[in-house]
Amino acid sequence: MSVPAAPQVSDRFAVLVPVKPPAFAKSRLADLGDETRRELATAFAVDTVSAALASPGVHRVLVVTDDAGLARGLSDLGVDVIPDGTTDDLNETLRLAAAEMHRRDPALRLVALCAD
């Protein structure tokens, strides 16, 4: 009788990145002016996603955002993007992202990463 092999733990990761629309993000930077605050929020998200893509072991990145313009720009970097569609509940957004990534590729280990 043979003994079943132990399950293998994947060293391949999917990074889940919730991103608030720049119109609302980084309210603590309001003193810099609306345009600067939006530009910084966008730059933070792009830098975060780019770093995740460049990380060894990261095979997919899934961004969750309700900002269509940001979604297009991040998608152009090579990440998957889905709309949030929830309230401002970060945990619910992460549950949505985890369920979607598991549906797309259940073999990947999930990691959550804030966009700032």
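**Helix α2**

I began with α2, where Arg72 and Asp76 are exposed on the other side from the buried residues. The model is a predicted one, and I read it as such. Next I listed the buried residues of α2: Leu70, Ala71 and Leu74. I looked down the helix axis. The buried residues of α2 fall within an arc of 100°, so they line one face of the helix. Then I asked what covers them. The cover includes α1, β2 and β3, the last of these spanning 80-82.

**Cores**

I turned to the largest nonpolar core and found 13 residues in it. Val17, Val19, Val49, Val61 and Val63 have the most contacts inside this core. I checked which elements give two or more residues to it: β1 (13-18), α1 (34-54), β2 (58-64) and α2 (68-76). Another core lies apart from this one and has eight residues. Among them I noted Ala14, Leu62, Met101 and Leu108. In soluble globular proteins, nonpolar side chains tend to be buried together.

I picked Val61 for a closer look. Which residues is Val61 in contact with, leaving aside neighbours within four places in sequence? I found Val15, Val17, Val49, Ala52, Leu53, Val79 and Asp80.

**Glu100**

Glu100 is found in helix α3. Is Glu100 buried or exposed? I read a relative accessibility of 16%, under the 20% cut-off, so Glu100 counts as buried. Not counting residues up to four places away in sequence, Glu100 touches Leu62 and Ile82. Leu62 is also one of the residues of the eight-residue core. I took one distance here. Glu100 and Leu16 are 84 residues apart in sequence, and their C-alpha atoms are 10.0 Å apart in space.

**Asp105**

I followed the chain on to Asp105, in the loop between α3 (90-104) and β4 (109-112). Asp105 is buried too, with a relative accessible area of 18%. I then looked for its contacts beyond four places in sequence. Asp105 is in contact with Arg12 and Arg60.

**The loop between β1 and α1**

I looked up two residues in this loop. Pro21 has its place there, and Lys26 is found there as well. Pro21 is buried, with a relative accessible area of 15%. Leaving aside its neighbours within four places in sequence, Pro21 is in contact with Thr65, Asp66 and Asp67. I also took the distance from Pro21 to His59. They are 38 residues apart in sequence and 25 Å apart in space, C-alpha to C-alpha.

For Lys26 I looked at the backbone. Lys26 has a positive phi of about 55°, although it is not a glycine. Lys26 counts as buried, at 15% relative accessibility.

**Largest pocket**

Last, I looked for pockets. About 540 Å³ of space lies in the largest pocket. I counted 26 residues in its lining. Which of them lie nearest its centre? I found Pro18, Val19, Lys20, Pro21 and Leu90. Val19 is also among the residues with the most contacts inside the largest nonpolar core.

I sorted the lining by element. α1 and α3 give two or more residues to it. α1 gives the most, with three residues. I then sorted the lining by class. It has twelve nonpolar, five polar and nine charged residues.

How values were computed:
Residues numbered from 1 in each chain as written. Predicted model: local features only at pLDDT ≥ 70, side-chain atom pairs only at ≥ 80, totals over all residues. Heavy atoms only, no water. Helix = DSSP H or I, 4+ residues; strand = E, 2+ residues; numbered from the N terminus. Buried < 20%, exposed > 50% of the residue type's maximum accessible area, 1.4 Å probe, protein only. Contact = heavy atoms within 4.5 Å. Core = buried A, V, L, I, M, F, W, Y, C linked by side-chain atoms within 4.5 Å. 1 Å grid on protein atoms, 1.4 Å probe; cavity = no way out; pocket = protein on both sides within 12 Å on 5 of 7 lines; lining within 4 Å. Points joined across faces, edges and corners; volume = space filled by probe spheres on them. Nonpolar A, V, L, I, M, F, W, Y, C, P; charged D, E, K, R; others polar. Arc of directions from axis to C-beta.
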